[in-house]
Amino acid sequence: MYLQKSGIIALVLAIVLAAAPFALADKDGVAYPEGFRTFTHVTTGIVTPGFIFNGVDLGSLVPGLHNIYANKKAMRSYYELAAGSTSTIFKDGAVIAFDLWQPGTLATGTGSFTFQQTRIAVAVMEKDRKKYAATGGWGFQVFDPATKTPQLNAAQQAECFACHSITPDTDFVFSKFSD
Ligand code: HEC
């Protein structure tokens, strides 16, 4: 009897856990990466106005300071890439967050201090080879940092991939991890 009961509890738990990602996902499938600030920091970059990359005005699209974070599944592939792999395919469930900030500057003495001031957006890549087959297995989304609501429609998501698709050797991921 006890065994039967625990079997049923395990079954119910399995169903609840299996349904959870769908409950958390937004309508296009990419979920806000809750807790991403505790993911591993991959790298930091600064983009200034007028920076054109692959024909796109990234200076307007992502101006400011960004920090990139990867969850455990994504980190496994970042480590492989850092070790020189050219055949790495990120696993389903890999999540990478691009945390965009408007910097502030404090000028004093003869120098200045530039710091994270206001969060502008949280851009995300989430791996699911089946769901996002049309965009290299990656779901792309940008979230409003205050409301955590998704900002991109399908056409805009295709534009994200149009640029990321130029780096197939790293499974469409640009940033590099180094110890
Ligand atoms: C014109 C090219 C271009 C476009 C368009 C673009 N990205 Fe990127 N993206 C980059 C580059 C370059 C990096 C690496 C930045 C770094 O290393 O600091 C990057 C990094 C990222 C990362 C971190 C993972 C990685 O590949 O390094 C995410 C997440 C991301 N972009 C999401 C998006 C989303 C969402 C969109 C669409 C709104 C988008 N990107 C559009 C060029 C682009």
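How do the residues of the lining of the largest pocket divide into nonpolar, polar and charged? In this predicted model, the split is 28 nonpolar, 10 polar and two charged. The pocket itself has a volume of about 1100 Å³. Its lining comprises 40 residues, of which Leu58, Leu61, Val62, Phe98 and His164 are the closest to the centre.

It helps to place this pocket within the fold. The protein contains four helices and seven strands, arranged from the N terminus as α-β-β-β-α-β-α-β-β-β-α. Several of these elements each give at least two residues to the lining of the largest pocket: strands E1 (40–47), E4 (64–70), E5 (95–108), E6 (111–127) and E7 (138–143), together with helices H2 (58–61) and H4. Helix H4 provides the largest share, with six residues.

Helix H4, which spans residues 154–164, also includes His164. This histidine deserves a second look: besides being among the lining residues closest to the pocket centre, His164 is the only protein donor of the iron atom of the ligand, through NE2 at 2.2 Å.

A few totals complete the picture. The protein has 179 residues, and 35% of them count as buried. Among contacts with a separation of 6 or more, 55% come from residues 24 or more positions apart. The protein exposes about 10900 Å², and carbon and sulfur atoms supply 62% of that area.

How values were computed: Residues numbered from 1 in each chain as written. Predicted model: local features only at pLDDT ≥ 70, side-chain atom pairs only at ≥ 80, totals over all residues. Heavy atoms only, no water. Buried < 20%, exposed > 50% of the residue type's maximum accessible area, 1.4 Å probe, protein only. Contact = heavy atoms within 4.5 Å. Areas by Shrake-Rupley, 256 points an atom, 1.4 Å probe, with all protein chains shown as cover. Donors = N, O, S within 2.8 Å, 3.2 Å for Na, K, Ca; no water. 1 Å grid on protein atoms, 1.4 Å probe; cavity = no way out; pocket = protein on both sides within 12 Å on 5 of 7 lines; lining within 4 Å. Points joined across faces, edges and corners; volume = space filled by probe spheres on them. Nonpolar A, V, L, I, M, F, W, Y, C, P; charged D, E, K, R; others polar.
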